[in-house]
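Student: I'm new to this one and would like a close look at a single part of it. Could you walk me through one helix and what lies around it?

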Amino acid sequence: MFQRRFEGFSQQQQSVIAAACDGMQQRAARSLDQGAPIAAWFGAADRNQVFLKLRMMQNVIQDGSRTVTFVNRTGKKIGVTHTDVYTKHLNPVGQETPLQGSGIVAYAFPVDRRYGDPGPHSTVSHVGSGMRIYLNDVFFTLDPVLQAATIYHEMTHKVLATNDHCYDPVACRMLAARNSAQALDNADNFAHYIANC
Ligand SMILES: [Zn+2]
């Protein structure tokens, strides 16, 4: 698995995050099983396309030369609004949103999407040597499956350049049924898929 670095967490919190990474790794392995519930979360999307993305995630998760840094943002502010994290609209200085009470669990910053959809040619080069995942205290109130799914969610933003079209299982299943291409671009569809594996 990738190396894990921690900034600002207690030993106990580090153990929780490490356990969530282990859980994610096991689920990511199962996500490639032929019997995995692809249709529920990605609708009629081409299975080869889905598996291509799942394998890209699996490759990063398994890569011991990569580092993922987890950053404790509890009590801090975010300089972009929740939905704007992926549209790169920075708020003016002084208009940061406090994370406390925001309901935000975790976030990551957008990858460069100039090269379009990830695929055999763009692969994961835009991730660079490491990535940072920012966690709010809400993360530690989630059950272990959702903690694993949350980390996977954030990693899809980095590895697959996913967006946030909608959240929560009901909305994600509806999106899969209605627009499988968009489901395949939605971080939470991947998160709920992995929670289901
Ligand atoms: Zn997201």
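Student: At what angle do H1 and H4 pack, and how far apart are their axes? Please take me around H1 while you're there.

Tutor: Happy to, and bear in mind that this is a predicted model. H1 and H4 pack at an angle of about 75°, and their axes are 8 Å apart. That makes H1 roughly perpendicular to H4, because angles of 65 to 115 degrees count that way. On the H1 side, the residues involved are Ala19, Ala20, Cys21, Gly23, Met24 and Arg27, and they meet Pro144, Gln147, Ala148, Ile151 and Tyr152 of H4. Sort the residues of this contact by character and you get eight nonpolar, two polar and one charged.

Now let's step back for the setting. The protein has seven helices and six strands, and from the N terminus on they run β-α-α-α-β-β-β-β-β-α-α-α-α. Of the 197 residues in the protein, 36% are buried. Among contacts with a separation of 6 or more, 73% join residues that are 24 or more positions apart.

Back to H1 itself. This helix covers residues 11-30, which is 20 residues, and reaches 29 Å from its first C-alpha to its last, close to the 28 Å expected at 1.5 Å a residue. Its buried residues are Ile17, Ala20, Cys21, Met24, Arg27 and Ala28. They cover an arc of only 130° around the axis, so they sit on the same side of H1. The spacing is worth a thought: an α-helix has 3.6 residues a turn, so residues three or four places apart point the same way. On the face turned away from that buried side you'll find the exposed residues Gln11, Gln12, Ser15 and Gln26.

What does the buried side pack against? The partners are strand E1 (3-7), helix H3 (47-62), strand E2 (67-72), helix H4 (144-159) and H7. Let's visit some of them.

Start with E1, where Arg4 is found. Arg4 is partly exposed, with 14 other C-beta atoms within 10 Å. Leaving aside neighbours within four places in sequence, Arg4 is in contact with Ala18, Cys21, Val68 and Phe70. Cys21 is a residue you've already met, as one of the buried residues of H1. Arg4 and Gln14 are ten residues apart in sequence, and their C-alpha atoms are 9.4 Å apart in space.

Next comes H3, with 16 residues. From first C-alpha to last, H3 reaches 22 Å, close to the 22 Å expected at 1.5 Å a residue. Its buried residues are Val50, Lys53, Leu54, Met57, Val60 and Ile61. These cover an arc of only 120° around the axis, which puts them on the same side of H3. What covers them includes H1, helix H2 (38-42) and H4.

Last, H7 (residues 187-195) has a helix partner of its own in H5 (residues 169-178): their axes come within 9 Å and cross at roughly 110°. H5 and H7 are therefore roughly perpendicular to each other. Pro169, Cys172, Leu175 and Ala176 of H5 make this contact with Asp188, Asn189 and His192 of H7. By character, the residues here divide into four nonpolar, two polar and one charged.

How values were computed: Residues numbered from 1 in each chain as written. Predicted model: local features only at pLDDT ≥ 70, side-chain atom pairs only at ≥ 80, totals over all residues. Axes fitted to C-alpha atoms, helices over the stretch in contact; angles between N-to-C directions. Helix = DSSP H or I, 4+ residues; strand = E, 2+ residues; numbered from the N terminus. Parallel < 35°, antiparallel > 145°, perpendicular 65-115°, else oblique. Contact = placed C-beta atoms within 7 Å. Nonpolar A, V, L, I, M, F, W, Y, C, P; charged D, E, K, R; others polar. Expected span 1.5 Å × (residues − 1). Buried ≥ 20, exposed ≤ 12 C-beta atoms within 10 Å, placed from the backbone. Arc of directions from axis to C-beta.
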